[in-house]
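Colleague: I have a new structure open and would like to learn how to read it. Could you walk me through some of its features?

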Amino acid sequence: MKILISHLPKHKWWGHGTPIYENNPAMKEGVVPNQELVEIEMYMMTKLFNRLPIEIIEIDFPSFLDQQNKEKRKHDFVFVRDLFISDQNGKTIISKFREKARQVEADIMQIMLESMGYETKRIPDDSAATAEGGEFYYCPGDKVLFSGACRNNIEGAEWVAKEFNVDELVIMKSKIFHIDTLFTPVINKENKLVAAIACTELIERDSVDNLRQFAIRKNIELIEVGPEDAVGTDQELGEFAVNCEPLPGYLIGPTRFRSKKVLPLLKELDVMHITCLLYTSDAADERSSVDLGGRRI
């Protein structure tokens, strides 16, 4: 198994302030991440991944995107999870962003992946489908694909599911920008899906019902957590504990869950929860390093 992560840009990440995206309460106009903290946490995360039984592929932040012109410099490429989705067997699907400003990031990632020998596919330009990597979790041991339906649309989710020939597609509709800010699967040491953690308050009711039925049918645990363990709300930003990288026998995340139900269950399932942030005193400021979990390929 391999994890792809990006280095930080040479210029300050979001040095002119965060860009503003629809349905994203974490992006506050003018907020500049604490660059020293970002660098420390990136270093900690990289060291952590290198101690796990996985191969780490580190890539440089593209110089084309690392420009001083603030109109061109979005600096979102560090969220490599957003740029593609992988079947973890050599095949990748390049994101087709609803957020058009980010499409150049995916285009650059496609060139990088192909240079490493990976097969890439793209949703046709004339298709109305949208599919962003941060809206997916693929569990190859069970051939289950979880998809958000905010930045993705249903057509995009179904297109990816068909390409990966999955046994089941589980769609979660919400008004939150990416599924990885409100949901994570949990994988055991045998690479089997054994649980899911979800902020059901931020998911539409019919999708919550479907998720609960899926958990019963698959005989997996479903832990429901509050918005404080997810992205939060416009009124109060959460701490993103659920924004995790699930690996066989590990759940890598930014911070501890406030919910008292999570840790006992993970221990029971023999899944180690590891966090890599220094602290989360001001969630808006900490958003800088939350999504740096990389992407399995």
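Modeller: Happily; we will look at helices, a strand residue, some backbone angles and the empty spaces. Keep in mind that this is a predicted model.

Colleague: Let's begin with helix H4. How many residues does H4 have, and what span should they give?

Modeller: The idea is to multiply a rise per residue along the helix and compare the result with the distance between its ends. H4 has 14 residues, 205-218, which at 1.5 Å a residue should span 20 Å. The end C-alpha atoms of H4 are 20 Å apart, so the two values agree.

Colleague: And which residues of H4 are buried?

Modeller: For burial, we look at relative accessible area, and buried means under 20%. In H4 the buried residues are Ser207, Val208, Leu211, Phe214 and Ala215. Around the axis they take up an arc of only 120 degrees, which places them on the same side of H4. On the face turned away from that buried side you find the exposed residues Ile216 and Arg217.

Colleague: What do the buried residues of H4 pack against?

Modeller: Their partners are strands: S7 (144-148), S8 (168-172), S9 (183-187), S10 (193-198) and S11 (221-224). Look just past the helix as well, where Asn219 follows H4 with a positive phi, near 55 degrees.

Colleague: Let me try the same reading on helix H3. Which of its residues are buried?

Modeller: H3 covers residues 154-164, and Gly156, Ala157, Val160, Ala161 and Phe164 are buried there. Seen down the axis of H3, these buried residues fall within an arc of 135 degrees, so they line one face of the helix. The cover over the buried residues of H3 includes S3, strand S4 (91-94), S6, S7 and S8. After H3 comes Asn165, with a positive phi near 50 degrees.

Colleague: Then there is helix H2. What length does H2 reach, and what is expected?

Modeller: We use the end-to-end check again. H2, residues 103-115, has 13 residues and reaches 19 Å from its first C-alpha to its last, close to the 18 Å expected. Its buried residues are Gln103, Glu105, Ala106, Ile108, Met109, Gln110, Met112 and Leu113. Those residues pack against strand S1 (2-6), strand S2 (55-59), S3, S4 and strand S5 (119-122). Just after H2, Gly117 has a positive phi of about 95 degrees.

Colleague: Where else is phi positive in a residue other than glycine?

Modeller: Two loop residues are good to compare. Asn191 has a phi near 65 degrees and lies in the loop between S9 and S10. Phe240 also has a phi near 65 degrees, and its place is the loop between S11 and S12.

Colleague: Are Asn191 and Phe240 buried or exposed?

Modeller: Asn191 is partly exposed, with a relative accessible area of 21%. Phe240 is buried, at 1%.

Colleague: Can we follow a single strand residue too? What is Ser6 in contact with?

Modeller: Here the idea is to set aside the neighbours along the chain and see what remains. Ser6 lies in strand S1 and counts as buried, at 2% relative accessibility. Leaving aside neighbours within four places in sequence, Ser6 is in contact with Met42, Ile59, Phe61, Phe77, Val78 and Val80. As for Pro264, it is 258 residues from Ser6 in sequence and 33 Å away in space, C-alpha to C-alpha.

Colleague: Now the empty spaces. Which residues line the largest pocket?

Modeller: For a pocket, read the volume, then the lining, then the kinds of residue. The largest pocket holds about 260 Å³ of space. Its lining is made of Trp14, Gly15, His16, Gly17, Thr18, Pro19, Glu29, Gly30, Lys70, Glu71, Arg73 and Lys74. By kind, that lining has two nonpolar, five polar and five charged residues.

Colleague: How many cavities of 30 Å³ or more are there?

Modeller: The count comes to four. The second largest cavity contains about 90 Å³ of space, and its lining residues include Arg81, Tyr137, Glu245 and Arg296. Strands S3 (84-86), S6 (136-139), S12 (245-247) and S15 (295-296) each give two or more residues to that lining. The lining of this cavity divides into four nonpolar, two polar and four charged residues.

Technical notes. Residues are numbered from 1 along each chain as its sequence is written. This is a predicted model: local features need pLDDT of at least 70, side-chain atom pairs count only at pLDDT 80 or more; totals for chains, interfaces and linings use all residues. Side-chain values use heavy atoms; hydrogens and water are left out. Helices (H or I, at least four residues) and strands (E, at least two) are DSSP runs, numbered from the N terminus. The expected span of a helix is 1.5 Å times one less than its number of residues. Buried means under 20% relative accessible area, exposed over 50%, partly exposed in between (1.4 Å probe, protein chains only). The arc is that of the directions from the helix axis to the C-beta atoms. Contact means heavy atoms within 4.5 Å. On a 1 Å grid over the protein atoms alone, a cavity is a set of points where a 1.4 Å probe fits but cannot get out, and a pocket is an open set with protein on both sides within 12 Å along at least five of seven lines; lining residues have an atom within 4 Å of a point. Grid points are joined across faces, edges and corners, and a volume is the space filled by probe spheres set on the points. Ala, Val, Leu, Ile, Met, Phe, Trp, Tyr, Cys and Pro count as nonpolar, Asp, Glu, Lys and Arg as charged, and the others, Gly among them, as polar.
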